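Have your viewer ready and your selection tool at hand. We will make a few stops, and at each one there is something to pick out.

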Amino acid sequence: MSPAKPHIVTIQSHILQQQAKFPEATGDLSWILSAISISAKMIAAQVRRARLEDVLGNAGEHNVQGEQQQKLDVIANDILMRNLGGREGVAMVASEEDEKPVILRSENDGNAPRYCVMFDPLDGSSNLDICGSVGTIFSILRKDRRSSKIEDSLLQPGTRQVAAGYVMYGSSTVMVLTIGTGVDMFVLDPSIGAFIRVAENLQIPPRNKCYSLNEGNRLSLPEGYQRYLHWAQENGYSSRYVGAMVADVHRILLQGGVFMYPPTKKAPKGKLRLMYEANPMSMIVEQAGGKALAGPGERILDVPPTDIHQRTCVILGSRDEVDLVTAQL
Ligand code: FDP
């Protein structure tokens, strides 16, 4: 007799299964995750048709980081804002693309909305024009009832995230999600429009001789990183760099290795954003048994945020590989 095939689990049933583990859950978080999965399908559809719809290229505006916004950045931002805006449980949303967070609901009664969602709607968007992989990254925090100003709820360290994830729009559309009980992976089946669970409780291999960073910056990196690169090259490491954090971290999550964005002369505090990129990716990496540091002994999830758009250095991936980097710093 052939072995029984595993059950098909859509992201919706997965979220409900997880919710059932927490009897006190109200379902608000599940609704928020469902808004994100619908957004992911809508963004995936836009990304797939981008050249046909002529939505590649710049929107002619700069975002708060002073970078050119791509038309699809604006579209993806709008999709997430509109889907999350309809969810009663969301108090506030903050996007990497917008200077200020958007307060959706601020009542302070017993039924007050309890969550804040932060996202980078289209990470790695410079890959769009060449049909490369791009992604959406999100982080969900519980509204901090102790803070008098609702905006302060966003400035909580990464350890307080209740959920985090990313969607990669690559050769297939993949969603990786953690709600603090491990990391699960889903693939969008475009023929039925549903995300299907393909892996549970992902674990990053503890070692893999692979590093991922923009090596064009080599001469402007602090000496310790240059020493590491020299050591790695003498020891048979491979280099892999897509230039879109979602795609680079996805490879590390599945195959192991280390992803880095160190300080450079141009970006002395690092380039990546703590709240929209580093924190959610660090939660995923730690939940998968890896490590995520801003520097030696400096866990990213413990970094106290002072500004929602602040930047950080990033060294994340396989436990042993991260240690081999910091040993040189
Ligand atoms: P992008 O500027 O294309 O949006 O923070 C954004 C990001 O891409 C990351 O996704 C990526 O890892 C990094 O910047 C790439 O930066 P470099 O081009 O400097 O390597």
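Start by selecting Trp 231, which counts as partly exposed because its relative accessibility is 24%. Keep in mind as you look around that this is a predicted model.

**Along the helix**

Now add Tyr 228 to the selection. Both Tyr 228 and Trp 231 sit in helix α5, three residues apart, or about one turn of the helix. Is Tyr 228 buried or exposed? Tyr 228 has 0% relative accessibility, so it counts as buried. Show the two rings: Tyr 228 and Trp 231 make a tilted aromatic pair, with 5.9 Å from centre to centre and 35° between the planes.

**Across to a strand**

Next, pick Tyr 211, which is buried, as is Tyr 228. What kind of pair do the rings of Tyr 211 and Tyr 228 form? Their centres are 6.3 Å apart and their planes meet at 75°, so this pair is edge-to-face. Zoom out a little and you can see that the pair links distant parts of the chain: Tyr 211 belongs to strand β11 (residues 210-212) and Tyr 228 to helix α5 (residues 223-234), with the two tyrosines 17 residues apart. Add Tyr 237 as well, and you have a cluster of Tyr 211, Tyr 228, Trp 231 and Tyr 237 linked by ring pairs. In the whole structure, a search finds four aromatic pairs.

**Around the ligand**

Move to the ligand and show the 14 residues around it; Ser 126, Asn 214, Tyr 241, Met 245 and Tyr 261 come nearest. If you colour this shell by class, you will find five nonpolar, five polar and four charged residues. Which distances are worth displaying? Try these, each running to an oxygen atom of the ligand:

- Ser 126, from a polar side-chain atom: 2.6 Å
- Asn 214, from a polar side-chain atom: 2.8 Å
- Gly 124, from a backbone N or O atom: 3.1 Å

Switch on a surface here: of the 460 Å² of accessible area that the ligand has on its own, the protein covers 82%.

**A covered strand**

For the last stop, select strand β3 (residues 90-95), where six of the six residues are buried. On strand β5 (residues 115-123), β3 has a parallel partner, joined over five bridges. To find one of the contacts with β5, look at Val 90, whose bridge partner there is Tyr 115. Then turn to strand β4 (residues 102-103), which runs antiparallel to β3 and is joined to it by two bridges; Val 93 has Val 102 as its bridge partner in β4. Together β3 and β4 form a hairpin, with six residues between them.

Note on methods
Residues numbered from 1 in each chain as written. Predicted model: local features only at pLDDT ≥ 70, side-chain atom pairs only at ≥ 80, totals over all residues. Heavy atoms only, no water. Near = heavy atom within 4 Å. Polar contact = N/O pair within 3.5 Å; in protein donor to acceptor, adjacent residues only side chain to side chain. Areas by Shrake-Rupley, 256 points an atom, 1.4 Å probe, with all protein chains shown as cover. Nonpolar A, V, L, I, M, F, W, Y, C, P; charged D, E, K, R; others polar. Phe/Tyr/Trp six-rings, centres within 6.5 Å; stacked < 30°, edge-to-face > 60°. Helix = DSSP H or I, 4+ residues; strand = E, 2+ residues; numbered from the N terminus. Buried < 20%, exposed > 50% of the residue type's maximum accessible area, 1.4 Å probe, protein only. Pairing = 2+ DSSP bridges.
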